[in-house]
Amino acid sequence: MDFAHFIGGQWVADSDVTTNRNPANQDDIIGTYARGGAGRVDEAVAAAMAALDDWAHASPQIRHDVLEKAGALIVQRKDELGRLLAREEGKTIAEAVGETVRAAQVFKFFAGEALRNTGDAVASVRPGVEVTIEREPVGVIGLITPWNFPIAIPAWKMAPALAFGNTVVMKPAELTPGCAWELANILEQAGCPAGVFNLVMGPGSQVGARIVEHPDIAAVSFTGSVATGRRVAVDCAANGKKVQLEMGGKNPMVVVDDADLDVAVGAALNGAFFSTGQRCTASSRLIVTKGVHDAFLDRLTAAAADLVVGDPLDAKTQIGPVVDQSQMDQNMRYLTLASEEGCDVRGGGLGNGNGFFMHPAIFAGATNAMRVSREEIFGPMASIIKVDDYDEALAVANDTEFGLSSGICTTSLKLASHFRRHAKAGMVMVNLPTAGVDYHVPFGGRKGSSYGPREQGSYAREFYTTVKTSYIAP
């Protein structure tokens with residue numbers, strides 16, 4: 001089946017297409033998706049500009065109703081959409097359906113935010129003058145989304161952008177256009193006016209680059225690699241655009257001597273290996289104090305070896321495939337590098353079948369100076385770093401260019417409180433995996449992980465609105 005761009009309320013085909021294949025079975029073709037370029041972006045921006053004034057000044061009830069209905073439609077189709085997500089990205093069916101439900105929850109939350117976009121009225125220092133402070137839409141927003149959460153991340157960018165009266169041009173990842181296409185279809189069914197939301201599929205070098213440089217796009221929200229994100233930041237600054245970046249992570253999970261090892265192993269197993277490790281919040285550095293290091297390592301190794309790797313549509317599967325051949329090749333290079341750097345590599349073997357299957361890998365005996373402990377791998381691999389005590393563990397946890405999520409497993413309230421205050425990360429988890437967040441609170445990090453205002457929750461308003469102060473004299 002062929003899937004077209006969505007521009008100005010119309011489905012627009014292209015002669016060039018991308019074939020979307022199941023990473024668990026390369027013979028399973030999901031569909032062919034239009035592959036546009038800069039010209040399609042120009043058409044989409046023109047449509048978004050034409051629709052902007054009416055949408056920006058529409059009653060918030062209208063925006064609420066569109067987003068609420070979109071959320072309801074996603075819930076109605078959660079099993080179908082979850083199956084699509086599992087086929088195109090490789091998440092297990094349970095994770096895929098869960099991500100789909102999360103997308104619905106995001107739409108419903110921001111339906112409410114459309115009605116809660118409050119301002120302030122304050123007394124002027126000048127007699128007889130009134131002062132009001134209001135939040136208004138930024139304008140046309142460019143959204144560039146990644147492949148690893150192909151329905152949740154588009155949702156948590158689209159929904160607030162639309163809730164606050166902006167119009168949108170979105171480019172999904174080339175590897176996973178199917179979920180984004182379905183969201184465009186759902187918005188149309190929900191009554192979103194023509195031109196308010198536009199979907200242009202294609203390569204980042206053409207579609208993404210034009211979104212960033214287009215003079216009528218007022219702001220860009222990007223989630224992806226560090227290298228690309230930094231280029232986006234430079235280009236947006238040069239063109240005076242508001243920019244929001246979510247990039248990489250090398251997230252630590254600290255396990256101290258007093259930890260409940262059942263909790264610690266479970267949190268590490270989930271954080272490091274679920275979603276095939278293809279999460280920016282994955283626990284890729286497991287920092288363990290010497291008193292429990294050996295016991296933790298043995299238990300984690302055994303638990304990882306027991307994880308079922310296979311077809312994501314099989315309910316018994318716990319780890320699906322790597323997303324594509326390129327990612328698999330990168331993972332294999334890091335496996336080799338871990339051995340070369342002196343790690344005891346446990347696991348990491350390839351699975352069977354016509355897909356990109358890989359078993360979890362543990363890099364025992366790692367140090368924080370190794371490349372495998374400093375570079376984001378984005379695969380089911382984790383370094384185990386042995387430290388003497390909590391103080392060293394905290395120092396190692398913070399010794400990274402990233403700062404997205406940081407975790408600790410401990411039964412000590414004192415250590416948990418100290419870690420929460422001193423971890424240099426945007427999110428801190430205590431006795432929980434470093435991956436796994438709520439949709440109604442801010443998401444984002446520090447240092448090389450994030451740039452600009454936070455995503456999700458009420459904090460999303462900061463990026464998707466601009467402040468106007470008005471002075472009124474009678």
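Here are some questions and answers about a sheet and its helices in a predicted model.

Me: How are residues numbered, and what pLDDT do local features need?
Reply: Residues count from 1 along each chain as its sequence is written. In this predicted model side-chain atom pairs count only at pLDDT 80 or more, totals for chains, interfaces and linings use all residues, side-chain values use heavy atoms without hydrogens and water, and local features need pLDDT of at least 70.

Me: Which strands stand at the edges of the open sheet?
Reply: Strands here are DSSP runs (E, at least two residues; helices are H or I, at least four), numbered from the N terminus. Two strands pair if DSSP finds at least two bridges between them. Seven strands form the sheet in the order 15-16-17-14-13-19-20, with mixed pairing. Each edge strand has a single partner, so one side is left without a neighbour in the sheet: these are strand 15 (344–347) and strand 20 (427–430).

Me: Which residue in strand 20 is the bridge partner of Gly-407?
Reply: Strand 19 (residues 405–409) and strand 20 run parallel, joined by four bridges. In strand 20, the partner of Gly-407 is Met-429.

Me: On which residue is the kink in helix 10 centred?
Reply: Helix 10 (residues 290–306) has 17 residues. Among its buried residues (under 20% relative accessible area, 1.4 Å probe, protein chains only; exposed is over 50%, partly exposed in between) are Val-292 and Leu-300. The bend at a residue is the angle between axes fitted to the seven residues ending there and the seven starting there. The kink is about 25°, centred on Phe-296.

Conventions. The expected span of a helix is 1.5 Å times one less than its number of residues.
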